[in-house]
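Student: I am new to this structure. Can we go through its aromatic rings, with reasons?

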Amino acid sequence: MTQDTAAAAQFAAPPASQADPFTPPATSALWRRDFLLGAATAAYQIEGAVREDGRLPSIWDTFSATPGKVLAGDTGETACDHYHRWEADLDLLTQLHFEAYRFSIAWPRVMDEAGRPNAKGIAFYRRLLERLKEKGIRTFATLYHWDLPQHLEDRGGWLNRDTAYRFADYADLMSRELKGLVDSWMTLNEPWCSAYLGYGNGHHAPGLANGRYATQAMHHLLLGHGLAVTVLRANDPASAKGIVANVGRGTADSPSEADVRAARRFEVQHNAWILDPLLKGEYPRELFELWPGTEPLVLDGDMETIAAPLDFLGINYYFRTNVKSDGAHGFVEAPPEGVERTQMGWEVHPDGLRDLLTGFARTYDNLPPIYITENGMASDDSVRDGRVDDTQRIAFLKRHLAAVNEAMDAGVDIRGYFVWSLLDNFEWAFGYERRFGVVHVDYGTQVRTPKRSAELIARFLAQRRALDVA
Ligand code: FCB
């Protein structure tokens, strides 16, 4: 028995007395082998090694080094030390039977200031991808998960139109270097967070706070995406091309017209701001009623570039937001009492995921096939007697997968689901305090301990695979 099959056997046979709180019912579409189940990570959150092999500083190095920006002054300097421990981390994927891995490439690792390739940085991702291929794990690579090279921010970052073209150069280099190793490319992760949290309210790097900046940064992000899709198609035609959007469910606090409108505007601001330009080639007019005077500068042809056809759309979903009217054009949050919340304070609301997915299918007649590229939750997990009993996460994942199944039953084309995250990691402005992994990380020793949720996912996936063999 190899080490991997021994580990699988261990997960496949828990004590008979232990009821399985995870495995979906036999009728669920989640048993279909063409529905991929994977785990996701992002470079700055796990890699560490921020000054190694020619990596340049990113906006997150600068931001996290600025006092008061990240909880407890945490930074990604060491993180999960994945840059040195990647082989063991990929073995965890196999051990847990994940079928796909979504990770991100760090732009500041692979190009120098003049846009020339950094061979050492590129070699890291090539080795990683080659090993994933050897293991038979499907590869989903995100080009931009928020770590803009600082030298580009020094020239205006996403407020500077030129950054969109630099992003296309980066996509060009990566797709020439890594052609054939990436099954699915994702251009941007969550442009809403980059634009709104980064340039609109300053909670994320680079920490600017101006509404007009947010819409202009968004425009340049989406332009960069569109330019990159064209380049990826030319260089690596066999791979799939997509983008990842975080979507928000907004519900009205009362049936009053004002509250219903507030909820709709919440969703315009979170979803239509990104999805309308991508899928309809225009910004939603209501966005500028909500934020008057923030229309971005759009040049001829930009909207056509942005609306380049996609092979898939990645959806990240975490919680719903209940809102009411602010008495004017907008909304304010109206947090409900007595609901289940996670360590982040986010409300657990799986129906929101189902309702968004079915709603998008109604709204966009050209909606591409969907992957849930992130879903998961943070809990205050600790290792006791070698185990991590993350009971809240087990129920959370099961209920959200059931919601995905309901959306599939309602006719939405969903091809897979990635749990956020493989490992506990650097949770941006919350540092290491919030634990999203299905594998626990002890940051003192870098010891990894699969949580109970990971064991149950592995057991389900092993059962699913066994059906194929039978
Ligand atoms: C998403 C990010 C991801 C992670 C989760 C919790 O917004 O894409 O990196 O931080 O939230």
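Student: Are Phe140 and Phe312 buried or exposed?

Tutor: In this predicted model, Phe140 and Phe312 are both buried. That word requires a relative accessible area under 20%.

Student: How many aromatic pairs does the structure hold?

Tutor: The structure holds 38 aromatic pairs. One of them joins Tyr44 and Phe426.

Student: Why is the pair of Tyr44 and Phe426 called edge-to-face?

Tutor: The centres must lie within 6.5 Å, and the planes must be over 60 degrees apart. For Tyr44 and Phe426 the values are 5.4 Å and 90°. Both conditions are met, so the pair is edge-to-face.

Student: What makes this pair a tie between parts of the chain?

Tutor: Tyr44 lies in helix α2, residues 43-46. Phe426 lies in the loop between β11 (414-420) and β12 (439-442). The parts are 382 residues apart in sequence, so the pair ties them together.

Student: How do you know that Tyr44 is buried?

Tutor: Its relative accessible area is 3%. The limit is under 20%, so Tyr44 counts as buried. Phe426, at 0%, is buried too.

Student: What makes Phe140 and Phe312 an edge-to-face pair?

Tutor: Their centres are 6.3 Å apart, with 70° between the planes. The cut-offs are within 6.5 Å and over 60 degrees, so the name fits. Phe140 is in strand β3 and Phe312 in strand β7, 172 residues apart.

Student: Why is the charge of Arg109 said to sit over the ring of Tyr83?

Tutor: The charged end of Arg109 is 4.1 Å from the ring centre of Tyr83. The distance limit is within 6 Å, so that part of the test is passed.

Conventions:
Residues are numbered from 1 along each chain as its sequence is written. This is a predicted model: local features need pLDDT of at least 70, side-chain atom pairs count only at pLDDT 80 or more; totals for chains, interfaces and linings use all residues. Side-chain values use heavy atoms; hydrogens and water are left out. Rings of Phe, Tyr and Trp (its six-membered ring) pair if their centres lie within 6.5 Å; planes under 30 degrees apart count as stacked, over 60 as edge-to-face and the rest as tilted. Helices (H or I, at least four residues) and strands (E, at least two) are DSSP runs, numbered from the N terminus. Buried means under 20% relative accessible area, exposed over 50%, partly exposed in between (1.4 Å probe, protein chains only). A charge sits over a ring if NZ of Lys or CZ of Arg is within 6 Å of the ring centre and within 35 degrees of the ring normal.
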